[in-house]
Amino acid sequence: MKSLAILCQKGGVGKTTLVVNIAKIYSKNDIKTLIIDLDPQGNTSTYLDFDKNNENILTSQDLLLGKTEKEIGFLEENLGIIPSNETILKFNNEKIVGGSILQQKLKSFVFSNFDIVIIDTPPTMSSLVQEAICASDFYLIPTKPEFLAIEGVSQAMKFAKETISRQISISPIFLGVVLNQVDITRSSYIDFEKELEYLLADKLINSKISSSAEVADSPFYLKTVDEFDEHSKSKKEFYKLAKELLERMALNEKIIEQSYN
Ligand SMILES: Nc1ncnc2c1ncn2[C@@H]1O[C@H](COP(=O)(O)OP(=O)(O)OP(=O)(O)O)[C@@H](O)[C@H]1O
Ligand SMILES: [Mg+2]
């Protein structure tokens, strides 16, 4: 089992959109996937039409309290979800002492049944995001291609590095920065991309996600891009990204057969 945290303290950059759509693509391709939502907003559940207040299902609050007796919720055979709601807010300012609770729990038997765990995080620099970093083998930072976003990316990278340096027992790998909501018709885009390539080199993920009305509307229709028509540009882009992330995580034994070129 490998775990991937998606983080950025900037709001609305596409963290949840990436978590949900990538998870759905993996699960559809026989990769046993678990979403853990560490955001009090609980957006992953809303997007996937899952009841985040069901008391019989394991929530991320339970997980952080070290209680793992409850059952993991499943959206489909290969897609589990540990939802979050506002009760998790109380963990937001707690200091992580002596290692992450989540990290310890993820090592347990129940979680080893999954191939990949993808963690959604809130738009903050808080203990909840630190928990996500500490529990992860990899972390990924999404951003919009905007000038001020460069600052947001470097702040997120610094926050992750500082979190990692304070914990001796962890060494998550920075997978890279992924550009979301790209609009290549904007004159600043090429310059922005060049700047990021210069700053990030191979840590700029090659696959990029364009801004599209169908992606923006998909939570409303409770649809993920995997359900889009096979000619959909967004579907192609998300599949490409899902494959590139597997390669970058060296999970090459997991194969996504579908190709939408
Ligand atoms: N590629 C895209 N094209 C169009 N709209 C998008 C795209 N990606 C995300 N969005 C939209 O942008 C909004 C913010 O996305 P999302 O909720 O995934 O961001 P977030 O980083 O998780 O936000 P928060 O920080 O509040 O958790 C949503 O309405 C989403 O539908
Ligand atoms: Mg979100």
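Which elements do the buried residues of H10 pack against? In this predicted model, they pack against H1, strand S7 (173–179) and H9. The buried set in H10 consists of Ser-234, Lys-235, Glu-237, Phe-238, Tyr-239, Leu-241, Ala-242, Leu-245 and Leu-246. As for its geometry, H10 has 16 residues and runs 22 Å from its first C-alpha to its last, close to the 22 Å expected at 1.5 Å a residue.

H1 is a good place to pick up the story. Helix H1 covers residues 15–28, and its 14 residues should span 20 Å at 1.5 Å a residue; the end C-alpha atoms are indeed 20 Å apart, so the two figures agree. H1 is also mostly covered, with 13 of its 14 residues buried. Just after the helix comes Asp-30, which takes a positive phi of about 65 degrees.

Now for how the two helices meet. The axes of H1 and helix H10 (residues 233–248) come within 10 Å and cross at roughly 75 degrees. That crossing angle falls in the 65 to 115 window, so H1 and H10 count as roughly perpendicular to each other. On the H1 side, the contact is made by Asn-21, Ile-22, Ile-25 and Tyr-26, while H10 brings in Phe-238, Tyr-239, Leu-241, Ala-242 and Leu-245. Sorted by type, the residues of this contact come out as 8 nonpolar and 1 polar, with no charged ones. The helical repeat is worth recalling here: an α-helix has 3.6 residues a turn, so residues three or four places apart point the same way.

H1 also has a part in the surroundings of the ligand. A total of 19 residues surround ligand 1, and the closest are Lys-15, Thr-16, Thr-17, Pro-123 and Ala-216. The elements giving two or more residues to this shell are H1 and helix H9 (213–217). H1 supplies the largest share, 3 residues. By type, the shell divides into 6 nonpolar, 11 polar and 2 charged residues.

Back at H10, the chain carries on past the helix to Ala-250, whose phi is positive, near 55 degrees. Leu-251 sits in the segment after H10. What about its exposure? Leu-251 has 17 other C-beta atoms within 10 Å, which is why it counts as partly exposed. Setting aside neighbours within four places in sequence, Leu-251 is in contact with Lys-2 and Leu-246. The pairing with Lys-2 links positions 249 residues apart along the chain, with the C-alpha atoms of Leu-251 and Lys-2 separated by 8.6 Å.

Terms used:
Residues numbered from 1 in each chain as written. Chains lettered and ligands numbered in written order. Predicted model: local features only at pLDDT ≥ 70, side-chain atom pairs only at ≥ 80, totals over all residues. Helix = DSSP H or I, 4+ residues; strand = E, 2+ residues; numbered from the N terminus. Expected span 1.5 Å × (residues − 1). Buried ≥ 20, exposed ≤ 12 C-beta atoms within 10 Å, placed from the backbone. Near = placed C-beta within 6 Å. Nonpolar A, V, L, I, M, F, W, Y, C, P; charged D, E, K, R; others polar. Axes fitted to C-alpha atoms, helices over the stretch in contact; angles between N-to-C directions. Parallel < 35°, antiparallel > 145°, perpendicular 65-115°, else oblique. Contact = placed C-beta atoms within 7 Å.
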